[in-house]
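Visitor: I should like to take a close look at a single part of this structure and to follow it outward into its surroundings. Please give a connected account, with the computed values where they help.

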Amino acid sequence: MNLADMLTFADIVHLNRIAVYYDCDCKPNSKHELIQGILTKLGSSSFFETQVKELRLSEVRFLNALLFDDRPYFSMEELIAIAKQSVENDEDAGERPRDIVTRLRSSGWLFNGSTHNTRYLYQIPSDMKERFRRVMVHDFQNGMTRVSEPSSYRDEGHLLAEDLRLFLQYMRQHEVLLNPEGAWYRRNQQQLMEHLHIAEPLLGKGGWRFGYGSSFKFYPDRMALLYDYARHSKYIEEKGDRVELTAKGEAQQELAIEDEMIQLFRFWLRLYKGAVPNLLSLVYWIGECARPWTSSESLFVHIGPLIRPFYYDTPRSVFDQRIIRMMLHLGMLRQGEHSTGPSVQMTAWGQKLAGECRLGRNDSGIRLH
């Protein structure tokens, strides 16, 4: 429902709270006048833009999380949990999550459901979501530093899916044993890297690696994604001290490369969302901001505040290594170098996938995350 519909169903106490928040000049005992006054205030584009720009960082993070969540309703417990994530490790850390929810209810962002079954649940007006999205996109895009096309750049296209086939081909041709820790021996890892289009240096000893899949502690980032995906898709199976190719893995080449890339993209969103809960929205914002060649630094300056640190990963390393680099591997963007630093540009393929993040669903209605 839109804001006008939700105001109609709201009780007069809630309407008065919103009217006071926006300093509307209307009679407190007239529901019709309260609704008209609120709609007049929030209907002004300039007023709405000012309100969005005056939101605290914790509130922007909170609304950003709800914007890309396709659940129609939220319980108070769910809202408080989302608000808690929005204030962790930043300047608003002393703020109570419940205060954020209360403040956004008073400002007309959150409303109770209108039926008996949803009266204790909450939702955001759909037109407020869309207007918030437009203001955010406009502000982000205005803050981007555009650069010329670099003389050379890196574009991996659909090589990730092609390397998946090469990975399974390697499995078909070699016996792969697991060491006592449950990982491939380095000899096999090195042989595989020589077999793939995109090679990565093997991991050295020491350092913490967790949070981005069960194989992340054993293998480089891209290989770990391929390995976890192959196991999740039942292309391979670990049996005791060895890894074996399954019948499904033998038949994997029957799936079109582009379809496999879509599945890899969805799997990446699921795999990384524990460490980067708002990954879906970050991919969308990058897709909107980096259509022309854009300075990576300007992207981080404006989108970085939405990124929370994850244990050993700072917001910067999450942005550079977990998002930008993996989007490069997924063929979503190309990366170049300028005298002022690295730059990126979304590919047509990347824009297609990022656009599907907008509602958290793809065209077939299957949830992406």
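Guide: The part chosen is helix α6, in a model that is predicted. Helix α6 covers residues 76-87, 12 residues in all, and it reaches 17 Å from its first C-alpha to its last. That span is close to the 16 Å expected at 1.5 Å a residue. The buried residues of α6 are Met 76, Leu 79, Ile 82, Ala 83, Ser 86 and Val 87. Seen down the axis of α6, these buried residues fall within an arc of 135°, so they line one face of the helix. A general point helps in reading the spacing of such a list: an α-helix has 3.6 residues a turn, so residues three or four places apart point the same way.

What do the buried residues of α6 pack against? Their partners are α5 (57-67), α7 (97-106) and β2 (122-123).

Of these partners, α7 deserves its own description. In α7, 7 of the 10 residues are buried, so this helix is largely enclosed by the rest of the structure. The buried residues are Pro 97, Ile 100, Val 101, Arg 103, Leu 104, Arg 105 and Ser 106; two arginines, Arg 103 and Arg 105, are among them. The buried residues of α7 pack against α6 and also against α2 (12-21), α5, β1 (111-112) and β2. Just after α7, Gly 108 takes a positive phi of about 80°.

From α7 the path leads to α2, one of the elements it packs against, and on to the loop between α2 and α3 (31-43), where Asp 23 is found. Most residues other than glycine have a negative phi. Asp 23, however, has a positive phi, near 55°, and at 62% relative accessibility it counts as exposed.

A second positive phi in a residue that is not a glycine belongs to Tyr 311, at about 50°. Tyr 311 lies in the loop between α15 and α16 and is exposed, with a relative accessible area of 69%. Tyr 311 also takes part in aromatic pairing, of which the structure holds 28 pairs. With Phe 210, Tyr 311 forms an edge-to-face pair, 5.3 Å centre to centre and with 65° between the planes. Phe 210 lies in the loop between α10 (186-195) and α11 (221-232), whereas Tyr 311 lies in the loop between α15 (296-303) and α16 (315-329), so the pair ties together parts that are 101 residues apart in sequence. Phe 210 is partly exposed, with a relative accessible area of 31%. Tyr 311 also forms an edge-to-face pair with Phe 310, at 5.0 Å centre to centre and 90° between the planes. Phe 310 counts as buried, at 12% relative accessibility. Ring pairs link these three residues with Tyr 212, Phe 216, Phe 265, Trp 268, Tyr 272 and Tyr 312 into a cluster.

Aromatic rings also meet charged groups. Arg 131 lies over the face of Phe 48, at 4.0 Å from the ring centre. The charged end of Arg 133 sits over the ring of Phe 68, 5.4 Å from its centre.

How many disulfides are there, taking sulfur atoms within 2.5 Å as the rule? The count comes to 0 disulfides. Cys 26 is in no disulfide, and the nearest cysteine sulfur, that of Cys 24, is 5.2 Å away. Cys 26 is buried, with a relative accessible area of 16%. The sulfur of Cys 357 is 14 Å from the closest cysteine sulfur, in Cys 289, too far for a bond. Cys 357 counts as buried, at 0% relative accessibility.

The whole chain supplies the setting for these details. Its secondary structure comes to 17 helices and 9 strands, and along its principal axes the C-alpha trace spans about 80 × 50 × 40 Å. Of the 369 residues of the chain, 53% count as buried. Among contacts between residues at least 6 apart in sequence, 63% join residues at least 24 apart.

Key
Residues numbered from 1 in each chain as written. Predicted model: local features only at pLDDT ≥ 70, side-chain atom pairs only at ≥ 80, totals over all residues. Heavy atoms only, no water. Helix = DSSP H or I, 4+ residues; strand = E, 2+ residues; numbered from the N terminus. Expected span 1.5 Å × (residues − 1). Buried < 20%, exposed > 50% of the residue type's maximum accessible area, 1.4 Å probe, protein only. Arc of directions from axis to C-beta. Contact = heavy atoms within 4.5 Å. Disulfide = S-S within 2.5 Å. Phe/Tyr/Trp six-rings, centres within 6.5 Å; stacked < 30°, edge-to-face > 60°. Lys NZ or Arg CZ within 6 Å of the ring centre and 35° of its normal.
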